[in-house]
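Here are my notes on this model, set out as numbered points. Please read them with the structure open beside you.

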Amino acid sequence: MLQELFSDLKHELRGALHKKKHPFKYVTLSTVDEQMAPRSRTIVLREVSESLECIVFTDARSEKAVHLNRNNKACMLAYHPKKLMQLRLDGELVIIENPLEIKRLFQKVSENAIKDYTTTMPPGSIIDSPEHVNYVTRKENNFLALKFVPHSVEYLRLKRPNHLRAIFKIEDGWKGEWIVP
């Protein structure tokens, strides 16, 4: 049954890429700041590999980019309200540095979304009003692609008579073990 759960969680996570309103399309990413405090934000899953490596995009000047230079440990949390399923992936964030891969990923950014990577001021800067945001050209972007490499996935499914909770670790070949809900 554990392998069925793992197949299900993999199917659901990868399904977020193909279904526009899938609840796993937007997940919570947590990093650790300079004071070792957790910092969480909602991000968009862009790609999920067969090995569950996840690609996300950010502005190179964002807090998460600064955080991972000191501590690249991260956590992703996804929740499916209809299935009452929660996934927690623990792992590391890695900056994608291969120029061909960056170019491939940047080509996926729509014209509407390009504004996310072309502001003149870094994300989080204080402004007088939303109309006071200025942009540079697409060529002058601050696009940064990150790969989340999981080392464990915790699966929780709320159901009666018993909740299901399991942990899957890459070091065990994603074999899985039951844990108390």
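Contact here means heavy atoms within 4.5 Å. The model is a predicted one.

1. Val149 and its contacts. Val149 sits in strand β7. Set aside the neighbours within four places in sequence, and Val149 is in contact with Glu53, Asp90, Gly91, Glu92 and Val94. Val149 is partly exposed, at 23% relative accessibility. Look also at Cys75: 74 residues separate Val149 and Cys75 in sequence, yet their C-alpha atoms are 9.9 Å apart.

2. The cysteines. How many disulfides does the whole structure hold? The search finds zero. Cys54 cannot form such a bond here, because the closest cysteine sulfur, in Cys75, is 11 Å away and a disulfide needs the sulfur atoms within 2.5 Å. Cys75 is likewise in no disulfide, its nearest cysteine sulfur being that of Cys54. Is Cys54 buried or exposed? Cys54 is buried, at 0% relative accessibility. Cys75 counts as buried too, at 17%, because the cut-off for buried is under 20%.

3. Helix α1, length. This helix covers residues 2–15. Its 14 residues should span 20 Å at 1.5 Å a residue. The end C-alpha atoms are 20 Å apart, so the model agrees with the expected span.

4. Helix α1, burial. Which residues of α1 are buried? They are Leu2, Leu5, Phe6, Leu9, Lys10, Glu12, Leu13 and Gly15. Read that list with helix geometry in mind. An α-helix has 3.6 residues a turn, so residues three or four places apart point the same way. The cover over the buried residues of α1 includes β3 (47–48), β5 and β6 (85–95). It also includes β7 (143–157), β8 (164–169) and β9 (177–178).

5. A buried lysine with a partner. Lys10 counts as buried, with 18% relative accessibility. Lys10 forms a salt bridge with Glu50, and the closest N and O atoms are 2.9 Å apart. Glu50 lies in the loop between β3 and β4, and Lys10 in helix α1, so the pair ties together parts that are 40 residues apart in sequence.

6. Other salt bridges. The structure holds 15 salt bridges. One of them joins the side chains of Arg39 and Glu63, at 2.9 Å from N to O. Arg39 is in strand β2 and Glu63 in helix α2 (residues 63–70), so this pair ties together parts 24 residues apart in sequence. Arg39 is partly exposed at 34% relative accessibility. Glu63 is partly exposed as well, at 42%.

7. Strand to strand. Glu154 and Arg165 also meet in a salt bridge, with 2.9 Å from N to O. Glu154 is in strand β7 and Arg165 in strand β8, eleven residues apart. How do the two partners sit? Glu154 is buried, at 10% relative accessibility. Arg165 is partly exposed, at 23%.

8. A charged network. Which residues are linked in a network of salt bridges? Glu47, Glu101, Arg104 and Lys108 are.

9. Backbone points to check. The peptide bond from Arg160 to Pro161 is cis, with omega near 10°. Pro161 is in the loop between β7 and β8. Two residues that are not glycines have a positive phi: Met36, at about 65°, and Leu52, at about 70°. Met36 is in the loop between β1 (26–32) and β2 (38–44). Leu52 is in the loop between β3 and β4 (54–59). Their surroundings can be set side by side. Met36 is exposed, at 58% relative accessibility, whereas Leu52 is buried, at 0%.

10. A nonpolar patch on the surface. Tyr79, Leu84 and Leu158 make a nonpolar surface patch of about 240 Å². Tyr79 is in strand β5 (residues 73–80). Tyr79 is partly exposed, at 37% relative accessible area. Tyr79 therefore passes the accessibility cut-off for a patch, which is over 30%.

Definitions and conventions:
Residues are numbered from 1 along each chain as its sequence is written. This is a predicted model: local features need pLDDT of at least 70, side-chain atom pairs count only at pLDDT 80 or more; totals for chains, interfaces and linings use all residues. Side-chain values use heavy atoms; hydrogens and water are left out. Patches are made of residues with over 30% relative accessible area and no salt bridge: like charges are joined within 9 Å, nonpolar side chains (Val, Leu, Ile, Met, Phe, Trp, Tyr) within 5 Å. Accessible areas come from the Shrake-Rupley method with a 1.4 Å probe; for residues, only the protein chains shown count as cover. A salt bridge is a side-chain nitrogen of Lys or Arg within 4 Å of a carboxyl oxygen of Asp or Glu. Helices (H or I, at least four residues) and strands (E, at least two) are DSSP runs, numbered from the N terminus. Buried means under 20% relative accessible area, exposed over 50%, partly exposed in between (1.4 Å probe, protein chains only). The expected span of a helix is 1.5 Å times one less than its number of residues.
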